[in-house]
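Visitor: I have a new structure open and would like some help reading it. Could you walk me through it, one feature at a time?

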Amino acid sequence: MDTHSPAPVPPPGCPAHGGRVPLYGPEFAANPQSYYDYLRHYGPTAPVELAPGVNATLVTEYSAALQLLQDSATFRKDGRRWREFNEGAVPMDSPVVPLLMHRPNAMFADGAEHLRLRQAITDTMARIDPRRLSRVTQQVSDFLIAQFNYRGSVDLVSSYARQLPLFVFNELFGAPADIGDRVLFGISGMFDGINAEQAAEVLYGAVGELVALKRSRPGDDVTSWMMQHSARLSDEEMVHQLALLLSGTDPEGNFIGSALHRLLTHDAYAHQGGLIDEALDDTLWENPPMANLAPHYPAVDTEFAGEQLKAGDLMLVSFAAANRSPILASERKVGSRAHLAWSAGPHACPSKDPARQIAMTAIENLFNKLPDIELAVPESSLSWRPGPFNRGLVALPTRFTPVEAARPVPAENTTARQESSKAGEKTGRWSQFLNWLTR
């Protein structure tokens, strides 16, 4: 017996002897770091189960994660290579399948096809004026705050953090009221795993209508710019690239919510000013909004980090575990952004700068409008969303001194509002925002 290296004790809900470690259930959601600590005893990779019957190899160590993310010759992104899915071993109704199954977008593409699709995305996103992004985010923030500032209490997750990114992207993408309402519904359902297949149909149907609209009436928006790109994307390619970008609003909502959680529960932020930027970095290091994803598949049978893998085995990167790898303990410094929250390599997040700007603007505006806002429940009572991919709060109840709601100065018309002549007849949240802006 090796008395110097005792086996780690599995956390609750984790198999004590052999088998795969489940990355789902209330125990995992409540304390995922205890699972990651346990998984490290396997080495740089570990056998996990993403949902009942869905197996994967999880990369938990920082340098191994970088190797996987940067080696596009050995490890491919095309989900059609997923061996166990192709063999029928993965349940088709599994809640994780809609996020892992192949779609014709940059996330699941390799080689020249990936470069073409990725370039269309990065060039288009680079056209977003940071001043416009700040203005739109401020308008959306003002609208959402106006819905609850007179009450003196609010759940910042459901009423602010999760809604704000969707509203901002709807505006930037030029979505009319009826289409924007369905986009909101579709993305929320997919990430919550609630009727995920139906929600995906709603999302892709709505984005398809947006593409058709912009083909006939282009505007000054992300959708129209992407259509004009030299990649000459087809309508189907347009739908899938736009849906991919819009899907990024869910982790962005987690990011805002977790950063607000840090600011409201850590004394260093509560008693000192000007630390929002630091809180954002700390959140990305310690609580990345996308905890485990980046699906990859070995192109051939291979060895990786001491483990033998078969071609088509599903591999995921644990950004949350890799960020806390013991080898990084001496490297982590205030302001360091060497974390993997935005992934790395050729498939790194193409929207990290806008995502950070949206979060910064949203949080600054909230604290400016409600300076005495505070957590309304014990921190220990907070719960986190279940599932293997996301890391986000279920709710963040807060209280503050009620203020009288003020009517904002009417904003200038945008493409979305110009194309929504009947917005006043709609009842969805996006329609309400468009009405509110034009009062």
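Guide: Sure, let's begin with burial. A residue is buried when its relative accessible area is under 20%, exposed when it is over 50%, and partly exposed in between, using a 1.4 Å probe and protein chains only. Here, 55% of the chain's 439 residues count as buried. Before we go on: this is a predicted model, where local features need pLDDT of at least 70, side-chain atom pairs count only at pLDDT 80 or more, and totals for chains, interfaces and linings use all residues. Residues are numbered from 1 along each chain as its sequence is written, and side-chain values use heavy atoms, with hydrogens and water left out.

Visitor: How many helices and strands does the chain have?

Guide: Both are DSSP runs numbered from the N terminus: helices are H or I with at least four residues, and strands are E with at least two. This chain has 20 helices and 11 strands. As an example of burial in a helix, take helix 2, which is mostly covered, with six of its eight residues buried. Those are P32, Q33, Y35, Y36, Y38 and L39.

Visitor: Which residues touch the most other members of the largest nonpolar core?

Guide: A nonpolar core is a set of buried Ala, Val, Leu, Ile, Met, Phe, Trp, Tyr and Cys residues joined through side-chain atoms within 4.5 Å. The largest one here holds 130 residues, and L50, L156 and Y160 touch the most other members. Helix 11 (residues 196–216) gives the most to this core, namely eight residues.

Visitor: What is L50 in contact with, leaving aside its neighbours within four places in sequence?

Guide: Contact means heavy atoms within 4.5 Å. With those neighbours set aside, the partners of L50 include L23, Y24, V96, L314 and F389. For the chain as a whole, take the contacts with a separation of 6 or more: 72% of them are between residues 24 or more positions apart.

Visitor: Where can I see parts that are distant in sequence come together?

Guide: Try L133, which is in helix 7 (residues 130–146) and is buried, with 2% relative accessibility. Its C-alpha atom is separated by 9.3 Å from that of T361, although the two are 228 residues apart along the chain. Beyond four places in sequence, L133 is in contact with I128, V168, L172, P354, Q357 and I358.
Another case is E307, found in strand 8 (residues 307–309). E307 counts as partly exposed, at 24% relative accessibility. From E307 to P44, C-alpha to C-alpha, is 9.1 Å, with their positions 263 residues apart in sequence. Leaving aside neighbours within four places, E307 is in contact with T45, T57 and T302.

Visitor: How many cavities are there?

Guide: Here's the idea: rolling a probe the size of a water molecule over the atoms shows where empty space is left. On a 1 Å grid over the protein atoms alone, a cavity is a set of points where a 1.4 Å probe fits but cannot get out, and lining residues have an atom within 4 Å of a point. Grid points are joined across faces, edges and corners, and the volume is the space filled by probe spheres set on the points. The count comes to four cavities of 30 Å³ or more. The largest has about 940 Å³ of space, and the second largest about 40 Å³.

Visitor: What lines the largest cavity?

Guide: It has 44 lining residues, and M107, L244, G248, P251 and C349 lie nearest its centre. Among the elements that each supply at least two lining residues are helix 13 (235–247), helix 14 (249–265) and strand 6 (292–298). For classes, Ala, Val, Leu, Ile, Met, Phe, Trp, Tyr, Cys and Pro count as nonpolar, Asp, Glu, Lys and Arg as charged, and the others, Gly among them, as polar. This lining has 31 nonpolar, nine polar and four charged residues.

Visitor: And which residues line the second largest cavity?

Guide: They are F28, A29, P32, Y36, A291, R385, G387, N390 and R391. Helix 1 (26–30) and helix 2 (32–39) each supply at least two of them.

Note on methods
On a 1 Å grid over the protein atoms alone, a cavity is a set of points where a 1.4 Å probe fits but cannot get out, and a pocket is an open set with protein on both sides within 12 Å along at least five of seven lines; lining residues have an atom within 4 Å of a point.
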